[in-house]
Amino acid sequence: MREVFLVTEFTTAHPLRVGVQFHQQQTTYSSFAGAVRRVEDMGVDTIWNWDHFFPLYGDPQGNHFESWTLLSAMATLTRRVEIGCLVTCNTYRNPALLSDMAKTVDHISNGRLILGIGAGWFERDYSEYGYEFGTGGERLADLERSLEIIRHRWEVDVPSPVRNPIPILIGGGGEKKTLRIAARYANMTHTFGDPGTFARKMRVLDNWCAEIGRNPLEIERSCGTQKFATDAQRDAYVKAGATHLILGLGEPWDFDTVKDLVRWRDNRHA
């Protein structure tokens, strides 16, 4: 008989962490690199970019940089923080190739990479770069197949990752498929929504973990936080089950908000 884990009240062994996702659009590499160095010095736990080929807001033809080559740079720009893409679009790269890319950045960073991955959604990226968009269901099925390949390659390729296996973050909150995939493969999840929505999705994730016999407390839960969030709003996400809040920023970078987020984390730890 399989062991079933049921969580009726949120508890976790994961420490409270904060991160920043820099949107690598409408900016220069010099400005981006300076921002990465600065927020590490400010004390954040994680730094992220995103996986798009074109800006998501502002000038649609504005400056934009590719995520994985940028992650290699982020690995050398930093010393302490974990880094990742929030999140890699699975179907932009062959999964065996992606496993090798991740392993390489893992070595460059000395084991500080998190492989953030999702099914993809921004149709312009697909159409302009010649990828087949397909349906949401098809992209999720591809994601699940790719995760099997990626984990297998980390087991057999040489050299193996420094941190083996590399932790996997699965982004998205679809309750029938995405959270089921996360229950099976994820070390972390990232979900959007207000605290009530987030809490419901975490209960769904817990139920999927019970369905497959996995301890749900193994999975770190992250969510987005806004530039003008209050302490009470951040506390509400923690009450709903989040232990990792990630602030999204575009140019011009708002370092005061980062400072406030770090202060909030430190006060919670006190």
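Pro159 sits in the loop that runs between α5 (136-156) and β6 (168-171), and in this predicted model the peptide bond leading into this proline from Val158 is cis, with omega near -5 degrees. The loop between α5 and β6 also holds Pro165. Here again the bond is cis: Asn164 and Pro165 are joined with an omega of about 5 degrees. Both cases are worth a look, because most peptide bonds are trans.

Another backbone oddity turns up at Gln26. This residue is found in the loop between β1 (17-22) and α1 (29-42). Gln26 is not a glycine, yet its phi is positive, at about 50 degrees. Most residues other than glycine have a negative phi.

Stepping back to the whole chain, the fold is built from nine helices and nine strands. The radius of gyration comes out at 18 Å, close to the 18 Å that the globule rule gives for 270 residues, so the chain is as compact as a globular protein of that length. Laid along the principal axes, the C-alpha atoms fill a box of roughly 55 × 45 × 35 Å. As for confidence, the mean pLDDT of the protein chain is 95, and 96% of the residues reach 70 or more. Residues 1-10 are another matter, with pLDDT below 50. Even so, that stretch has 18 contacts in the model beyond near neighbours in sequence.

Now for the helix packing, starting with α6 and α7. Helix α6 (residues 178-185) packs on α7 at an angle of about 55 degrees, and the two axes are 8 Å apart. The pair is therefore oblique, and the crossing is right-handed. On the α6 side the contact is made by Leu179, Arg180, Ala182, Ala183 and Arg184, while α7 brings in Lys201, Val204, Leu205, Trp208, Cys209 and Ile212. Sorted by class, this contact has eight nonpolar residues, three charged ones and no polar ones.

Helix α7 (residues 195-212) also meets helix α8 (residues 231-240), with axes that come within 9 Å and cross at roughly 15 degrees. That angle makes α7 roughly parallel to α8, since anything under 35 degrees counts as such. This crossing, too, is right-handed. From α7 the contact draws on Pro195, Phe198, Ala199 and Met202, and from α8 on Ala236, Tyr237 and Ala240. The make-up is simple: seven nonpolar residues, with no polar and no charged ones.

What does α8 do on meeting α9, and at what angle do their axes cross? The axes of α8 and helix α9 (residues 255-269) come within 11 Å and cross at roughly 55 degrees. The two helices are therefore oblique to each other, in a right-handed crossing. Asp231, Arg234, Asp235 and Val238 represent α8 in the contact, and they face Asp260, Leu261, Arg263, Trp264 and Arg268 of α9. By class, the α8 contact with α9 has six charged residues, three nonpolar and no polar.

Key
Residues numbered from 1 in each chain as written. Predicted model: local features only at pLDDT ≥ 70, side-chain atom pairs only at ≥ 80, totals over all residues. Heavy atoms only, no water. Axes fitted to C-alpha atoms, helices over the stretch in contact; angles between N-to-C directions. Helix = DSSP H or I, 4+ residues; strand = E, 2+ residues; numbered from the N terminus. Parallel < 35°, antiparallel > 145°, perpendicular 65-115°, else oblique. Left-handed = near helix turned anticlockwise from the far one by under 90°. Contact = heavy atoms within 4.5 Å. Nonpolar A, V, L, I, M, F, W, Y, C, P; charged D, E, K, R; others polar. pLDDT = per-residue confidence, 0-100. Rg over C-alpha atoms; globule rule 2.2 N^0.38 Å.
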